[in-house]
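Please open the structure in your viewer and keep the sequence panel visible beside it. The tour below proceeds by selections, each followed by a description of what is found there.

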Amino acid sequence: MSHKLNIENVSKQYAGTYALAPTNLTVSDGEFITIVGPSGCGKSTLFNIISGVLNPTEGDVLIDEKDVTNAPGHVGYMMQKDLLLPWKSTFENILLGISLTRKASKEEQERAATLAERYGLGTFLNNFPHTMSGGMRQRAAFLRTLMFNKDVLLLDEPFGALDSQTRFSMQQWLLDVWSEQRRTILFITHDVEEAVFLADRVVVMSPRPGRIEEIIPIEIERPRERGILTSEAFIAYKRQILDLIYTDPDRSDHE
Amino acid sequence: MSDMSQTTSREDRPEKSKFIYPVISIGALFLLWWAAIKVFSIPAYVLPTPEATFAAIIEDWPELWSGFLVTGQVFLFGFIIGSVSGFLLAICMANSKLLNRLLYPIMIVSQAIPVIAIGAALVIWLGFGIAPKLVIVALVVFFPVLVNVLDGLNTVDKDMLDLTKAMGASWFMTFKQVQLPATYVPLFSALKMSATFSVTGAVLAEQTASSQGGLGQYMMAQASRLNTQGTFAAIILFAAMGLIAFFLVSIWEKASTPWRRKAIVPTRRRFTAAHATSASTSSAAQR
Ligand SMILES: Nc1ncnc2c1ncn2[C@@H]1O[C@H](COP(=O)(O)OP(=O)(O)OP(=O)(O)O)[C@@H](O)[C@H]1O
Ligand SMILES: [Mg+2]
């Protein structure tokens with residue numbers, strides 16, 4: 001597999017202190033990366049830099065070997081909040097990425113409608129977002145990211161606000177979409193179980209300064225069913241990651 | 001899709017019956033007015049009865065109507081000038097921190113000066129024509145619109161702006177689709193408030209920049225003759241002017257902010273599979 005995304009020595013300083021220490025990460029085409037780490041370790045900062053919204057203090061971001069540092073418009077970015085525009089219908093919201101730059105073509109409109117239909121928003125196409133449940137709003141926000149039609153998707157805690165049942169069905173759904181569409185996904189979560197369940201590799205980050213602590217390949221076969229959550233291998237991964245996150249260097253009594 | 005349009009029509013229905021409430025409450029107000037005169041035996045030169053007032057309106061209708069048109073013109077154009085300039089300045093100030101910092105204090109100072117005082121100066125500068133009156137009405141509308149639109153622009157989530165940036169949107173497209181619609185709700189609050197305030201502005205304007213033919217002039221002439229019925233006739237027409245303006249702004253507001261009351265977008269913006277083949281929908285996605 002070829003390299004889709006290269007993060008080379010990227011860092012961000014605020015007032016002389018690192019929010020994100022120099023960071024390197026290489027992501028293959030079609031890979032599913034999840035990122036975990038405590039609050040404030042620079043996860044969103046990293047996404048903002050990759051998406052071109054934030055200028056890094058140093059370093060480069062490459063997509064398909066092309067330098068896209070500081071250049072927005074090259075990745076699909078879904079933030080933690082769904083950020084649906086209340087005055088646009090679901091359909092218009094899904095097409096936002098296109099309508100912000102040009103008129104959506106007939107084909108694009110049909111594709112948006114088909115996607116919405118397929119992923120359970122068909123009857124809400126012409127509804128305003130306030131009529132939809134949290135799960136449906138998240139799906140609409142995700143479809144908006146998909147319709148932006150970039151190979152690399154950055155998802156910042158997309159399911160953070162959902163209950164565990166909805167969350168699980170959304171994870172299944174995301175894996176379906178990912179396997180159908182073969183996109184490259186970077187996915188931030190606070191939920192270690194979710195991180196292991198979804199990922200090809202889990203990136204564990206730590207704070208002060210924000211940095212990548214370790215990258216753990218998850219060698220569990222796909223498609224993954226719910227049953228694997230209690231398998232030995234799965235639990236071992238979970239423990240390994242939890243240990244990394246909760247090992248506080250100030251506390252020597254930790255095993 | 002047909003089951004959805006049913007949902008909309010069900011929502012539409014109470015809109016019509018809503019008209020009954022203002023009719024009832026204004027009717028009750030007239031009744032109260034009438035009853036107060038009877039119960040407390042208020043003499044007609046202090047407070048005329050509703051009948052006497054309406055009789056006065058009918059009697060002097062040609063003059064009142066032409067006064068209504070003259071004042072209404074000042075009101076309407078002043079209102080438009082004030083709200084458009086307030087709106088445009090808000091957009092400039094929201095996009096320039098420097099401009100914002102420089103102009104905000106001036107705006108507040110300008111509001112602290114009584115309109116009448118400014119009016120006197122305006123008459124000196126602009127004479128007794130329509131110009132000083134337009135400026136006075138415009139000044140009354142200008143500030144609420146400016147402040148509310150600025151507030152609306154500031155409510156736009158920073159993350160939303162980051163998102164549009166990540167999507168490679170231009171400043172104009174972000175403004176048109178994300179920031180502008182965010183100003184509608186506060187803008188219309190300001191316009192509804194101003195719709196009634198600027199009637200006061202128009203009366204004030206006629207008193208300071210006195211000229212012929214306005215309803216304010218008519219009212220003052222009647223009052224100086226101690227013609228209470230005539231005075232009240234003018235007052236009723238002022239109230240009508242404010243009500244009409246408020247009503248028109250409310251209709252415009254409802255048409256511009258469907259998401260606040262409806263579940264589904266207006267028909268022309270709906271996507272249906274059949275629609276996709278006609279040209280009209282591609283623009284719907286733009287809105
Ligand atoms: N504009 C800014 N000025 C100064 N410091 C900032 C700024 N933006 C972010 N930071 C700091 O950078 C660090 C990383 O922030 P970031 O939002 O990337 O964290 P995160 O890992 O996404 O956290 P969370 O899990 O809570 O979302 C934080 O310590 C934050 O205080
Ligand atoms: Mg974050």
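## Aromatic pairs

Over all chains, the structure holds 17 aromatic pairs. Such a pair consists of rings of Phe, Tyr or Trp (its six-membered ring) whose centres lie within 6.5 Å; planes under 30 degrees apart count as stacked, over 60 as edge-to-face and the rest as tilted. The model is a predicted one, in which local features need pLDDT of at least 70, side-chain atom pairs count only at pLDDT 80 or more, and totals for chains, interfaces and linings use all residues. Residues are numbered from 1 along each chain as its sequence is written, chains are lettered from A and ligands numbered from 1 in the order in which they are written, and side-chain values use heavy atoms, with hydrogens and water left out.

Select Phe32(A) and Trp178(A), an edge-to-face pair with 5.3 Å centre to centre and 75 degrees between the planes. Phe32(A) belongs to strand E3 (residues 32-36) of chain A and Trp178(A) to helix H6 (residues 164-181) of chain A, so the pair ties together parts that are 146 residues apart in sequence. Helices (H or I, at least four residues) and strands (E, at least two) are DSSP runs, numbered from the N terminus. Phe32(A) is buried, with a relative accessible area of 0%, and Trp178(A) is buried at 5%. Here buried means under 20% relative accessible area, exposed over 50%, and partly exposed in between (1.4 Å probe, protein chains only).

Next, select Phe168(A) and Phe197(A), a tilted pair with 5.7 Å centre to centre and 40 degrees between the planes. This pair links distant parts of the chain, with Phe168(A) in helix H6 of chain A and Phe197(A) in helix H7 (residues 192-198) of chain A, 29 residues apart. Both Phe168(A) and Phe197(A) are buried.

Finally, add Phe159(A) and Phe187(A) to Phe32(A) and Trp178(A): these four residues form one aromatic cluster.

## Around Tyr237(A)

Select Tyr237(A), which is placed in helix H8 (residues 232-246) of chain A. Is this residue buried or exposed? Tyr237(A) is buried, with a relative accessible area of 14%. Leaving aside neighbours within four places in sequence, its contacts (heavy atoms within 4.5 Å) include Val196(A), Ile216(A), Pro217(A) and Glu219(A). A polar atom of the Tyr237(A) side chain lies 2.9 Å from the backbone nitrogen of Glu219(A).

## Salt bridges

A salt bridge is a side-chain nitrogen of Lys or Arg within 4 Å of a carboxyl oxygen of Asp or Glu. By this rule there are 17 salt bridges over all chains.

Select Lys4(A) and Asp64(A), a salt bridge whose closest N and O atoms are 3.1 Å apart. Lys4(A) lies in strand E1 (residues 3-14) of chain A and Asp64(A) in the loop between E4 and strand E5 (66-67) of chain A, 60 residues apart. Lys4(A) is buried, with a relative accessible area of 6%, whereas Asp64(A) is partly exposed at 43%. Add Asp151(A) to the selection: Lys4(A), Asp64(A) and Asp151(A) are linked in a network of salt bridges.

In chain B, select Arg260(B) and Glu253(B), whose side chains meet in a salt bridge (3.8 Å, N to O). Arg260(B) is partly exposed at 47% relative accessibility, and Glu253(B) is buried, with a relative accessible area of 9%.

## Chain B and its interface with chain A

Show chain B alone: it has 12 helices and 0 strands. Of its 287 residues, 44% are buried.

Now show both chains. How many residues of chain B are in contact with chain A? There are 39 residues of chain B in contact with 41 residues of chain A. The area buried between the two chains is about 3500 Å², of which carbon and sulfur atoms give 64%. Buried area is the accessible area (1.4 Å probe) that two parts lose on being put together, summed over both. Select Met167(B), Trp259(B) and Phe271(B): in chain B these lose the most area to chain A, together 21% of what that side buries.

The rule finds 3 salt bridges across this interface. For one salt bridge between the chains, select Lys81(A) and Asp157(B), with the closest N and O atoms 3.0 Å apart.

As a last stop, select Ser51(A), in the loop between helix H1 (43-50) and strand E4 (58-63) of chain A. Ser51(A) is buried, with a relative accessible area of 0%. Not counting residues up to four places away in sequence, Ser51(A) touches several residues, among them Tyr77(A), Leu154(A) and Ala166(B).

Definitions and conventions
A polar contact is a pair of N or O atoms within 3.5 Å; within protein, one must be able to donate a hydrogen and the other to accept it, and residues adjacent in sequence count only if both atoms are side-chain atoms.
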